[in-house]
Amino acid sequence: MVNVAVLGYGTVGSGVVKVIDTNHDSILEKAGVDLNIKYVLDLRDFPDDPIQEKIVHDYEVIVNDPEVSIVVEVMGGVEPAYTFTKRALMAGKSVCTSNKELVARCGTELQQLAKENHASYLFEASCGGGIPIIRPLRTSLTADVIDEITGILNGTTNYILTKMIEEGLEFDDVLKDAQQKGYAERNPEADVEGHDACRKIAILSSLAYGKRVDFTDVYTEGITKITSSDIVYAKKMNKTIKLLAYSSRQGDQVMAMVAPYLVSKEDPLYAVNGVFNAIFVHGNMLGDAMFYGQGAGKEATASAVAGDVVEEAQMLGTGVVSSWKPEKQVLTDVSSTEKPFFVRMKGDALEKENLEKVFGPIKVIGAGLEGEFGFVTEKMSEASYQERAAKVDGIIGMIRVREK
């Protein structure tokens, strides 16, 4: 029997307990491991829940119990999750987590600590909820040279944008709806400002390219500036708007960014709606592969965490680690990356000739909105766009256009 302790009995923690208890016999039959939830750490009591008999309030009970082999950290945040994880690994206990903030900030150190203590540190659920992506990157795709990752990595923002597009609503109205349905936190900043997607693309890029990508170096924009008027133009162009996390490697150079993009109907990402996520990976031999599924939710995320628990149970005493070199990957400036840009302008399309003197050939987009029009530039660098835009008065907003 392999004893497991779960840190946190919130949405994900209770889901992990449910998955392991409900599927105990199936896991034993398929994976050959007999899992047992011995402790659940939480500040609260749950008198009406059978889990109460396993609830403990003191972490010392868990870390000092030699019978506990695996610790599931689903508390969120950096502290005390970092301290608890570090102490568990130093005690030779394997740890798995869904905590993308902790992995993005401290993953390099914690992976090294796991190696030193012949333990495992796995975090499948940190980057795509229930989508298996970490394991493929460190196992199935190791024979490939990965040179690009593009993903819709945040279910909250994808839900908000989908609702805005389908119902023509403004951002603030849809955000309130998402909060009422539990898709967005009371403080949604990490999601809507792109920070969550930024952390995830940093983790995926570190795994894919082999060096530590610091999430604070990743250029990041959120969706708070997207309006119903932008949606009108997107529909006029037969496109949709998605918050994309993107990274690419050319030789030793790596670029990463998070920003809203206009996506065409021909692009597989176009149809990824609601709380669903999708991740494209391009390898030099594989070509394109897409991983698709629920990016959030109790059962989906818990399923991914439980998968890590099973793998760690199979590798007790030797350890398995998702790893990258501690050396920091210096990111290239996004200003050199090229793409078309969609621009909203005050005025009317009669100004096309003057605009083309600045931007070069443009395609005017009329959406019937009073006092403004839109246009799409030809492919140019971010730096070139910014330089040209500075010469023009009346720009209302800009969205990048994804070419696929």
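This is a guided tour of the model above, stop by stop, with a selection to make at each one.

The structure is a predicted model, in which local features need pLDDT of at least 70 and side-chain atom pairs count only at pLDDT 80 or more, while totals for chains, interfaces and linings use all residues. Residues are numbered from 1 along each chain as its sequence is written, and side-chain values use heavy atoms, with hydrogens and water left out.

**Helix H1 and strand E2**

Begin by selecting Val12, which has its place in helix H1 (residues 11-22); helices (H or I, at least four residues) and strands (E, at least two) are DSSP runs, numbered from the N terminus. Val12 counts as buried because its relative accessibility is 19%, where buried means under 20% relative accessible area, exposed over 50%, and partly exposed in between (1.4 Å probe, protein chains only). Not counting residues up to four places away in sequence, Val12 touches Val74, Ser98, Thr301, Ala302 and Val305, a contact being heavy atoms within 4.5 Å. Adding Gly76 to the selection shows a residue that is 64 residues from Val12 in sequence and 9.9 Å from Val12 in space, C-alpha to C-alpha.

Next select Val40 in strand E2 (residues 35-41), which is buried because its relative accessible area is 0%. Leaving aside its neighbours within four places in sequence, Val40 is in contact with Val6, Tyr9, Val17, Ile51, Lys54, Ile55 and Val56. The C-alpha atoms of Val40 and Gly8 are 6.8 Å apart, with the two positions 32 residues apart in sequence numbering.

**A cis bond, then helices H4 and H5**

Select Glu79 and Pro80, which are joined by a cis peptide bond with omega of about 5°; Pro80 has its place in the loop between strand E4 (68-73) and helix H4 (81-90).

Now show H4 together with H5, whose axes are 10 Å apart and pack at an angle of about 15°; such axes are lines fitted to C-alpha atoms, for helices over the stretch in contact, and angles run from 0 to 180 degrees between N-to-C directions. H4 and H5 are therefore roughly parallel to each other, since angles under 35 degrees count as roughly parallel, over 145 as roughly antiparallel, 65 to 115 as roughly perpendicular and the rest as oblique. To view the contact, select Ala81, Tyr82, Thr85, Lys86, Leu89 and Met90 in H4, which meet Leu102, Cys106, Glu109, Leu110, Leu113 and Ala114 in H5. By class, this contact of H4 with H5 has 9 nonpolar, 1 polar and 2 charged residues, where Ala, Val, Leu, Ile, Met, Phe, Trp, Tyr, Cys and Pro count as nonpolar, Asp, Glu, Lys and Arg as charged, and the others, Gly among them, as polar.

**Helix H5 against H11**

Keep H5 (residues 100-116) and add H11 (residues 195-209), the axes of which come within 9 Å and cross at roughly 50°, so that H5 and H11 are oblique to each other. Here Lys100, Glu101, Val103 and Ala104 in H5 meet Asp196, Arg199, Lys200 and Ile203 in H11. The residues of this contact divide into 3 nonpolar, no polar and 5 charged.

**The nonpolar cores**

The largest nonpolar core has 84 residues, and those with the most contacts inside it are Ile62, Tyr121, Ile133, Leu137, Ile160 and Leu204; a nonpolar core is a set of buried Ala, Val, Leu, Ile, Met, Phe, Trp, Tyr and Cys residues joined through side-chain atoms within 4.5 Å. H11 gives the largest share of this core, 9 residues. Centre the view on Leu137, which, leaving aside its neighbours within four places in sequence, is in contact with Thr142, Ile146, Leu204, Leu207, Ala208 and Val281. A second, separate core of 31 residues includes Val4, Val16, Ile20 and Ala304.

**Three loop residues**

Select His118 in the loop between H5 and strand E6 (121-122); His118 has a positive phi of about 55° although it is not a glycine, and His118 is exposed, with a relative accessible area of 53%. Asn238, in the loop between helix H12 (228-236) and strand E10 (239-250), also has a positive phi, near 60°, in a residue other than glycine, and Asn238 is partly exposed, at 47% relative accessible area.

Finish at Glu378, in the loop between strand E18 (372-377) and strand E19 (380-381), where Glu378 is partly exposed with a relative accessible area of 47%. Leaving aside its neighbours within four places in sequence, Glu378 is in contact with Lys339, Pro340 and Pro361.
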